[in-house]
Structure formats: structure tokens, C-alpha cells
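Thanks for coming, everyone. I would like to walk through one structure with you, so please bring up the sequence and the model side by side before I start.

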Amino acid sequence: YPAAAIKKMRTEALAGYDQARAIRDAKRFEENWPGSFAQISSGAPIKVLLFRSSRQWHLDLILSRLVAQNQASVTFLCHESFIDEYAEKYRNIEYVPAPDGLFLSWESLSKKSKEYLLGSGADIALIPATAPREENYRNVIGIGEALSLPVLLIDGAGNIVHRQPEVATTP
């Protein structure tokens, strides 16, 4: 098969996967979100640092719920080429650019993005995680640790699947 045909087939397969997961997980996410948000916010206003560490359908589920919460403000660490797409849908959140083509990690961020995050006043780092193993998200967990934030992983069904209350002492 030519490379272009393989790439096209892969893109179509991923689109089908994303559509199926969005449909399947939307109801479960909606059911689980109130309990998860209670774990995130404890009833007080909260500043959430969210990472672009998952598929579009998963991020849309999380962002739509966070934006709907009157007590949550969101800073979204997102690859530069996706910011405009998200900003069209979610206007009331702050965007921090990360370089395209690299995994999100503290080391890959620009000095300006690091300084912005350090001054953002975020209360928690919320990491969308569809894989069940924490080590798959080590790079983004490291960003939360560098910022001395509690780190929470949220799965596709809207459950908090990992809490890391221990925080680093220096970025």
C-alpha cells in the first residue's frame, strides 16, 4: 500500500474511533461528572490547569463541563496549532501555547509559557487520560509537579482515576 493510502486509512479509523468513544462515553461522563467535579473543587471556586493530553472527544467532554461550571476557571495548555480550533468553541478560557510536534513536558515549554503557568494561580492540574496506566502521562504529571500542583487524572467516563496530592517544592 502507498504511504498516502495508509495515512488516509489511519485517519479514517481514528475518526471512527473518536466518534464511537464520544457517543459511548458521553452518557457515562455526564453521570460521573458531578462526583468528579466535587473531588476537584470541594465546593469552592477553583482554577484548573487542563492539558491537551487526550483525544478531541475527551477534551470536549471535559471542557464543556468545566466551562458550564460557574465556579471553575480554566487555563488550557495546548499545542499551538490547535488553539484557534478550541478558542472558537471555548472563548472563556485562557490558552497557553505548547510547541507542536512534541509531547507536553516541562522541558518542551518555552520560557514565556513556563512563566505564565507559574503565575497563573492554578489550584490543580487536571490531566485527561484514556490509558489506564499513570506512567503513560509522566511528562504532563511532571508539569503539574513542577508547578507544585495537586495532579488529577480523569478518564473518558469522567472518573478521577488518580490523585497525586504530594507536590514538588520547587519548579
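In which helix does Ile6 lie? Ile6 lies in helix α1, a helix that covers residues 3-41, and I should say at once that what we are looking at is a predicted model. At 47% relative accessibility, Ile6 counts as partly exposed, because the range for that label runs between the 20% limit for buried and the 50% limit for exposed. Together with Tyr1 and Met9, Ile6 forms a nonpolar patch on the surface, and the accessible area of these residues together comes to about 420 Å². If you follow the chain from Ile6 to Leu117, you move 111 residues along the sequence, and the C-alpha atoms of the two are separated by 39 Å.

Let me stay with helix α1 for a moment, since Thr11 also has its place there. Thr11 is likewise a residue that counts as partly exposed, with a relative accessibility of 47%. Between the C-alpha atoms of Thr11 and Asp60, which are 49 residues apart along the chain, the separation is 19 Å.

That brings me to charged pairs. As a general remark, side chains of opposite charge can pair when their charged atoms come close. How many salt bridges does a search of the whole structure find? The search finds 8 salt bridges, and I will go through some of them.

One of them joins the side chains of Glu31 and Lys27, with a distance of 2.6 Å from N to O. These two residues are 4 positions apart in helix α1, which means that about one helical turn separates Glu31 from Lys27. Both Glu31 and Lys27 are exposed.

A further salt bridge is formed by Glu30 and Arg65, whose closest N and O atoms are 2.6 Å apart. This pair links distant parts of the chain, with Glu30 in helix α1 and Arg65 in helix α2, residues 56-68, at a sequence separation of 35 residues. Are the partners buried or exposed, or something in between? Glu30 is partly exposed, with a relative accessible area of 43%, whereas Arg65 counts as buried because its relative accessibility is 15%, and the limit for that label is 20%.

Next, the side chains of Asp60 and Lys89 meet in a salt bridge at 3.0 Å, again from N to O. Asp60 lies in helix α2 and Lys89 in helix α3, residues 83-89, so this pair ties together parts that are 29 residues apart in sequence. Asp60 counts as buried at 19% relative accessibility, while Lys89, at 46%, counts as partly exposed. Finally on this topic, Arg24, Asp25 and Arg28 are joined into one network by salt bridges that share partners.

Arg28 also serves as a reference point for another distance. Tyr116 lies in helix α4, which spans residues 111-118, and the C-alpha atoms of Tyr116 and Arg28, 88 residues apart along the chain, are separated by 34 Å. Tyr116 counts as partly exposed, at 34% relative accessibility.

Now to the pockets. The largest pocket has a volume of about 570 Å³. Its lining consists of 18 residues, of which Arg52, Ser53, Ser54, His79 and Phe103 are the closest to its centre. By class, the lining residues of the largest pocket divide into 7 nonpolar, 7 polar and 4 charged. Which element gives the largest share of that lining? The answer is α5, which contributes 3 residues.

Within α5, Val140, Ile141, Ile143, Gly144, Glu145 and Ala146 are buried. Just after this helix comes a backbone detail that deserves a careful look. Most residues other than glycine have a negative phi. Ser148, however, has a positive phi of about 60 degrees although it is not a glycine. Where does Ser148 lie? Ser148 lies in the loop between α5, residues 138-146, and β5, residues 151-154. With a relative accessible area of 28%, Ser148 is partly exposed.

That is the tour I had planned, and I am happy to go back to any part of it.

Note on methods. Residues numbered from 1 in each chain as written. Predicted model: local features only at pLDDT ≥ 70, side-chain atom pairs only at ≥ 80, totals over all residues. Heavy atoms only, no water. Buried < 20%, exposed > 50% of the residue type's maximum accessible area, 1.4 Å probe, protein only. Patch = residues over 30% accessible without salt bridge, like charges linked within 9 Å, V, L, I, M, F, W, Y side chains within 5 Å. Areas by Shrake-Rupley, 256 points an atom, 1.4 Å probe, with all protein chains shown as cover. Salt bridge = Lys/Arg side-chain N within 4 Å of Asp/Glu carboxyl O. 1 Å grid on protein atoms, 1.4 Å probe; cavity = no way out; pocket = protein on both sides within 12 Å on 5 of 7 lines; lining within 4 Å. Points joined across faces, edges and corners; volume = space filled by probe spheres on them. Nonpolar A, V, L, I, M, F, W, Y, C, P; charged D, E, K, R; others polar.
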